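This briefing covers a few parts of one chain, grouped by topic. Keep the sequence and the structure in view while reading.

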Amino acid sequence: QSLKIGLIPGDGIGVEVIPAAKAAIVALGSDIPKPDFVDLDAGFECFTRTGVALPEETVRVLEEECDCAIFGAVSSPTRRVVGYSSPIVGLRKRLDLYANVRPVTSVAADPNEKPDVDLVVVRENTECLYVKQEELKHTENGKEARATRLITERASRRIGQMAFDIALGRPRKHLTVIHKSNVLSVTDGLFRETVREVPTLPEVNGKYNDVQVAEQIVDSAVYRLFREPQIYDVMVAPNLYGDILSDAAAALVGSLGLVPSVNAGDKFIMGEPVHGSAPDILGLDIANPLASIRSAALMLRFLGYVKGADRIDRAVDEVIREGTVLTPDLGGKGKTSEVVEAVLKKI
Ligand code: NAI
Ligand code: MG
């Protein structure tokens, strides 16, 4: 039996950090089924070369042949480019990867101590403003731009269920619902109510009774996140807030280059470092590979290969704790390749 893993490096440092995830998986040996990797194309470079940002062949191979995948990062221009649409947003929709699960964890100096920051952002991954229905009108008073923000009961319920499940599996069993329903009472109101109702659904059958639920308005959540990150365990949020919250939380643990994620659906799991293509450090061999490596571990954990995932995570934690081989984003002088070597040795 083998584990077929799609690799989509994408653009920028995606290309530099995906080999690290691959090497960490290979290093596990017989802890997982024999990995069988397939390289797949997507991204802005792919678009400029072929005219398509997300080739149909990539989607087909993922859907029909792969057990899981790891995505690097893509560069998306800040200005509209005709014909281009972000392939990661597209892939999440095409594969119905409705949850983006982003654990943000610091590493305590003493392995027996609890980390200062130990939270999971559970981000809705298919709707909100990311439905990308935007229009521009020219009026008497100049240009007028509008975007549709879609929140559905179905998507809110399934992300809610995912968040409750994740909370249930953690020692503190605490869930904070993030919203702005004091202002957006219809859209965020629906999200908030639907998530809060999850424990009362008949099919849930009391399963979440031990989960303690709190809620918080998104702006004050960011404030409290910076002042007292310890209060958070699992945070569930609509797409845009979740995107922003997880980058903010990454600052608390030292670098975006440390934070992994998985895009999860009922049928497919795709690991993905939270960071983007980081053109400012491209080609310098200083991109932090740890987010990518941790994304491989998180993907394996979601697939049920807990032992393998633990081995990778422990190796990464030890490298961070020792602090002798780290990339410049963490204050070190190490190269990407040296950090990868250090992690592989620990595995
Ligand atoms: P970014 O996440 O690429 O970089 C933000 C900052 O963090 C930069 O200073 C970068 O050097 C640093 N950084 C990020 N990852 C790092 C790593 N592994 N090691 C060391 N330092 C790291 O966000 P930015 O600069 O706003 O966006 C750059 C491009 O990435 C844009 O084209 C954007 O559209 C794209 N992007 C793609 C994402 C994806 O594919 N999922 C997510 C976020 C941005
Ligand atoms: Mg982001």
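Which residue in strand 11 does Ala-99 stand opposite? The residue is Ala-264. The model is predicted, and the points below describe the strands around this pair, a second set of strands, and a domain taken from a record.

**Strand 4 and its neighbours**

- Strand 4 covers residues 99–105, and 6 of its 7 residues are buried, so the strand is largely enclosed by the rest of the structure.
- Strand 4 is joined by 3 bridges to strand 11, made of residues 262–264, and these two strands run antiparallel.
- Strand 4 is also joined to strand 5, which spans residues 118–124, by 7 bridges, and this pairing is antiparallel.
- In the pairing with strand 5, Val-104 faces Leu-119.

**Strands 8 and 9**

- Strand 8 (residues 174–179) pairs with strand 9 (residues 212–217) through 6 bridges, in the parallel sense.
- Ile-178 has Gln-216 of strand 9 as its bridge partner.
- Helix 6, residues 187–197, belongs with these two strands to a β-α-β unit, and that unit is right-handed.

**The domain in the record**

- An unreviewed UniProt entry lists residues 4–343 as "domain: Isopropylmalate dehydrogenase-like".
- Over residues 4–343, helix makes up 37% of the chain and strand makes up 20%.
- The end C-alpha atoms of residues 4–343 are 23 Å apart.

Definitions and conventions. Residues are numbered from 1 along each chain as its sequence is written. Chains are lettered from A and ligands numbered from 1 in the order in which they are written. This is a predicted model: local features need pLDDT of at least 70, side-chain atom pairs count only at pLDDT 80 or more; totals for chains, interfaces and linings use all residues. A residue is buried if 20 or more other C-beta atoms lie within 10 Å of its own, exposed if 12 or fewer, and partly exposed in between; C-beta atoms are placed from the backbone. Helices (H or I, at least four residues) and strands (E, at least two) are DSSP runs, numbered from the N terminus. Two strands pair if DSSP finds at least two bridges between them. UniProt positions are given in the numbering used here, feature names are shortened, and annotations may be inferred rather than shown by experiment. A crossover is right-handed if, with the strands pointing away from the viewer, the path from the first strand over the helix to the second runs clockwise.
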